[in-house]
Amino acid sequence: DASELLSRPIIAKYEVSASTWGRLVLLKRRAKQWRLELARFVTRFGDDLGEGGDFYNHANATAKHLLDAATNAEAQTEAKAEAEEEEEEAEEKEENKAAEAAAAAWARDDLELRLLGLCKDMDEILAPALGGMATGKASDRGAESPLEAMAEALEMMGNLRAEQEQAKAKGSTKGSDLAPGIVLLADVELLDLPLEMLGPLRRRGLRPCARDFSVHVLSTRLALNDPNYDSRCFSDPMEGSRLGDKAGAVAVESSSMCAVVDPRFEDKGPASAAKAAAQAAANADAEAAGLAPLTEAELEVAGGRPSCVETLGGAGMKPLSDGWACVAGDERICGVGEWQALLRTRVKGGFLFHGPGSVLNHLPPQNLPGLDASGCRLVVLLDRMNNEVSFRRQSKIDSQGAKRPADFVLERPLETAALFTLAGAGAVVSNQWSSSFHANARLCRRLFEKLSGPNKESLGSSLAKAASEPETASTKDKGPKGESVAQGQGRSFKARVAYNPVLYGLPATFFNAK
């Protein structure tokens, strides 16, 4: 029985050997180096690649496909060799599609390959702690161990999620409340790894709806934000729920939202050279995928992008943001006192930051922990993107010696989310690593579209869909003459884009756009 199994606590202990622990330490070092190289890459080439740089340029390539098909060095070499030898007939043979997709993705983006390799190694180290990849009922495999029970529970949750998606496709909501969400409560030493990509979750279609620092922190968030909190367990409410339909739901009032956008007005859109390079890259991607050359309208979208300030005032965001307390860098620089006032005066509201650099590069870290920002039930940090202007300013500040060593640590993604949590935030949406201007602008638009849409989707569900679902006809951008175009339509986001944003805190948060 699904309800009986999923309501039963499972306590399992997974012993880690000294050699496995050494591999985990090495994995964390490699992940740190990867983040540094990614930051340099997106700063230098993000605008040149255009929006297409966030997508796999092959129709058969997805992060799940590439991870499950082959990610180690031997499989990579074999896939490339096979694709080269059978280049002419690869498109005609179904059995060569996986190799072709892998070779195309790897050849274009070494950083993506390395992320997939890190995830493969992470699977080997951490997947056994979630029961590995055992499938079927424990009774069919013999005596049930705690790890086997965990694997069976995950398998059942994956099946329930699949049933929910099938019912939704048929227009039915029957059984949709059976598909639970997963909140990852991992040790802080593991939270700087992309745990959402773990094999036992990924292969069952179970993307965690949130993560948090501990069960105690999660319980404190609930106590602060849910007036009816009574220490009960909670799960991500079913998609399409209305406010109040589920116990534990937390409402965020749009009228009490505030935003700081590009505080020093360092982003004015891509330079002309970057625009031309992005258009050339988009045409090359279309040719590689066997598509017709892009039209003039599609080239305009491929080469351009809205600035941070324009994103908040764009067609998808303007109806919402008009009622917000906003400070934009094209008007004035937001001082520390104004930052603190914005955060402190929210009542059942939220805070959005959208701009270059780290948010705590603009608001010094020491000005945040002692602040009472408990009125910010939702904090969305769309940062960690840089251009030459913001990178030079940040490098100058970092090299002047005005910062303490602790300040550099506190500006990192995990520590930033922890500081906003200490200030009282109920839910914190943050990037795990560097992002492109295109990716953050798209995430801003799509996240708030889903949060404020007629279905009133929860924050956990909205973030997962906004970050990873391919662009569709309803989410296309507008060309210069109003026509709908979407450069990435039908293609999947790269793993470094789809799994970058994560939610710390309460997934059962709803946005009241009235």
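**Fold, confidence, salt bridges and voids in a predicted model**

The protein chain works out at 22 helices and 12 strands, where helices (H or I, at least four residues) and strands (E, at least two) are DSSP runs numbered from the N terminus. This is a predicted model, so local features need pLDDT of at least 70 and side-chain atom pairs count only at pLDDT 80 or more, while totals for chains, interfaces and linings use all residues. Residues are numbered from 1 along each chain as its sequence is written, and side-chain values use heavy atoms, with hydrogens and water left out.

As for the chain overall, 52% of its 514 residues count as buried; buried here means under 20% relative accessible area, exposed means over 50%, and partly exposed is in between (1.4 Å probe, protein chains only). The accessible surface comes to about 23,000 Å², and carbon and sulfur atoms own 53% of that (Shrake-Rupley method, 1.4 Å probe; for residues, only the protein chains shown count as cover). Contacts (heavy atoms within 4.5 Å) reach a long way along the sequence: taking those between residues at least 6 apart, 81% join residues at least 24 apart.

Confidence is uneven. The mean pLDDT (the predictor's confidence in each residue, from 0 to 100) is 78 for the protein chain, with 70% of residues at 70 or more. Among the elements, strand 8 (residues 427-431) has the highest mean pLDDT, 97, and strand 10 (residues 484-485) the lowest, 38. The pLDDT is also below 50 over residues 70-77, a stretch with 10 contacts in the model beyond near neighbours in sequence. Residues 135-143 are likewise below 50, and that stretch has 11 such contacts. Where pLDDT is low, the predicted coordinates should not be read in detail.

Now the charged pairs. The structure holds 22 salt bridges, each one a side-chain nitrogen of Lys or Arg within 4 Å of a carboxyl oxygen of Asp or Glu. One of them joins the side chains of arginine 305 and aspartate 47, at 2.8 Å from N to O. This pair ties together parts of the chain 258 residues apart: aspartate 47 sits in helix 2 (residues 18-49), and arginine 305 in the loop between helix 12 (296-303) and helix 13 (308-312). Arginine 305 is buried, with a relative accessible area of 10%, and aspartate 47 is buried too, at 16%. Asp47 and Arg305 also belong to a salt-bridge network with Asp267. Lysine 465 and glutamate 457 make another salt bridge, their closest N and O atoms being 2.9 Å apart, and both of these residues are buried. The bridge between arginine 332 and glutamate 331 has an N to O distance of 3.9 Å. Here arginine 332 is partly exposed, with a relative accessible area of 38%, and glutamate 331 counts as exposed at 56%.

Empty space comes next. Rolling a probe the size of a water molecule over the atoms shows where empty space is left. On a 1 Å grid over the protein atoms alone, a cavity is a set of points where a 1.4 Å probe fits but cannot get out, and a pocket is an open set with protein on both sides within 12 Å along at least five of seven lines; lining residues have an atom within 4 Å of a point. Grid points are joined across faces, edges and corners, and a volume is the space filled by probe spheres set on the points.

The second largest pocket has a volume of about 1,100 Å³. Its lining runs to 36 residues, with Arg35, Leu36, Arg384, Arg412 and Pro413 nearest the centre. Helix 2, helix 17 (388-399) and helix 19 (413-422) each supply at least two lining residues, and helix 2 gives the most, with 10.

Searching the whole structure turns up four cavities of 30 Å³ or more. The largest cavity has a volume of about 140 Å³, and of the 18 residues that line this cavity, Ser435, Ala439, Arg442, Val497 and Asn500 are the closest to its centre. Helix 2 appears again among the contributors of at least two lining residues, along with helix 20 (437-451), helix 21 (459-468) and helix 22 (495-498). The largest share, four residues, comes from helix 20.

A last look goes to leucine 154, found in helix 8 (residues 146-169). Leucine 154 counts as buried at 8% relative accessibility. Not counting residues up to four places away in sequence, leucine 154 touches Leu130, Ile182, Pro200, Leu201, Arg204 and Leu206. Leucine 130 is 24 residues from leucine 154 in sequence, and their C-alpha atoms are 8.5 Å apart in space.
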